[in-house]
Amino acid sequence: MVANLQEEYNKTNIQDIIDQLENDLVGLVPVKRRIKEIAALLLVQRLRKNLGLGLNSSAVGLHMSFTGSPGTGKTEVATRMADILFKLGYIRKGHLITVTRDDLVGQYIGHTAPKTKEVLKQAMGGVLFIDEAYYLYKPDNERDYGSEAIEILLQVMENQREDLVVILAGYKERMDTFYESNPGLSSRVANHIEFPDYTPQELILIGRMILQEQQYKMTQEAELALLEYITKRSQMPLFANARTISNAIDTARMKHANRMFNSGDRVLTKSDLVTIEVEDIRQSSLFSEVL
């Protein structure tokens, strides 16, 4: 028996997805490396199966845990992971369903089970991404029905693991506590991937990419002001990495538009209409607050 791993790899076309991860997502080096490792393991396992090897061994665990701060690319990477699993033949459809506690847990007796089962039905053949999964478990509230959703989820993760991949996501510290309180879940999650916060320089690059997609650009002075914004904002509550930068860019665009509108009778050039100036950044309320 012989096997050409490179030939098998080329058949899957997953290199396109790997390339997209590298090119489209800034930073996240350890995450990208881990995704490649998982893809390699799954490819080898598929090849072994095709050759009749390891048929009596346990299947590769596909359920995953993505931990990290908001805005670090967890949902985006989950989408790419669904594509990889589909191309490798581990899921039938390759779609991603993103949910939170509110989509799974009901507010009264008898409401949770049908809600959870309906979500699972929609996700079958693909990937179910549960964001802030720790909110499913509220041990201090005797009337909370999150534990019922967890029990149903556990059954499906075990008994239908060949037709559904579950990714649990959230802050690392809270997820660690969540797993400690729910050993059944922890034992079913084979792949743990931690998403690091972006550096200020990486966030600047993300800002550039967002503006480029929208056919804008920043002056050097505006970029320095954005870097100052990032430095200050990252020390405040509810900082959400790329999401925060996207919001900052949206605000700057509104300030820019207002500046254009108030420019009087001056003829506006193309450069005027596409250039974010330092004042568009510094009009943020953050610069007027006393930290």
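These exercises work through a predicted model, with a solution after each task.

**Exercise 1. Two helices**

Describe how helix 2 and helix 3 are arranged, and find which residues make the contact.

Solution.
- Step 1: Locate the helices. Helix 2 covers residues 14-24, and helix 3 covers residues 29-50.
- Step 2: Take the axes. They come within 10 Å and cross at roughly 170°.
- Step 3: Name the arrangement. Angles over 145 degrees count as roughly antiparallel, so helix 2 is roughly antiparallel to helix 3.
- Step 4: List the contact residues. Helix 2 brings Ile-14, Ile-18, Leu-21 and Glu-22. Helix 3 brings Lys-32, Ile-35, Lys-36 and Ala-39.
- Step 5: Sort them by class. The contact of helix 2 with helix 3 has 5 nonpolar and 3 charged residues, and no polar ones.

**Exercise 2. Two domains**

State where the domains lie in the chain, then describe the interface of domain 1 and domain 2.

Solution.
- Step 1: Read the domain assignment. It gives domain 1 as 3-193 and domain 2 as 198-285.
- Step 2: Find the separation. The C-alpha centres of the two domains lie 35 Å apart.
- Step 3: Count the residues in contact. Domain 1 gives 10 residues and domain 2 gives 9 residues.
- Step 4: Look at the area. About 700 Å² is buried between the domains, and carbon and sulfur atoms give 61% of this.
- Step 5: Find the main contributors on one side. Val-26, Pro-70 and Gly-71 supply 67% of the area that domain 1 buries against domain 2. No other three residues supply more.
- Step 6: Check for salt bridges. Across this interface there are 0.

**Exercise 3. A salt bridge**

How many salt bridges does the count come to? Explain what the pair Glu-158 and Arg-188 ties together.

Solution.
- Step 1: Take the count. It comes to 17 salt bridges.
- Step 2: Test the pair. The closest N and O atoms of Glu-158 and Arg-188 are 3.6 Å apart. The cut-off is 4 Å, so the pair forms a salt bridge.
- Step 3: Place both residues. Glu-158 lies in helix 7 (residues 146-159), and Arg-188 lies in helix 9 (residues 183-188).
- Step 4: Conclude. The pair therefore ties together parts that are 30 residues apart in sequence.

**Exercise 4. A tyrosine in a loop**

Where does Tyr-145 lie, and which residues does Tyr-145 touch?

Solution.
- Step 1: Place the residue. Tyr-145 lies in the loop between strand 3 (127-130) and helix 7.
- Step 2: List the contacts, not counting residues up to four places away in sequence. Tyr-145 touches Val-105, Gly-106, Gln-107, Tyr-108, Ile-109 and Thr-112.
- Step 3: Set sequence against space. Tyr-145 and Ala-113 are 32 residues apart in sequence, and their C-alpha atoms are 9.2 Å apart.

Notes. Residues numbered from 1 in each chain as written. Predicted model: local features only at pLDDT ≥ 70, side-chain atom pairs only at ≥ 80, totals over all residues. Heavy atoms only, no water. Axes fitted to C-alpha atoms, helices over the stretch in contact; angles between N-to-C directions. Helix = DSSP H or I, 4+ residues; strand = E, 2+ residues; numbered from the N terminus. Parallel < 35°, antiparallel > 145°, perpendicular 65-115°, else oblique. Contact = heavy atoms within 4.5 Å. Nonpolar A, V, L, I, M, F, W, Y, C, P; charged D, E, K, R; others polar. Domains from an automatic or database assignment. Buried area = accessible area lost by both parts, 1.4 Å probe. Salt bridge = Lys/Arg side-chain N within 4 Å of Asp/Glu carboxyl O.
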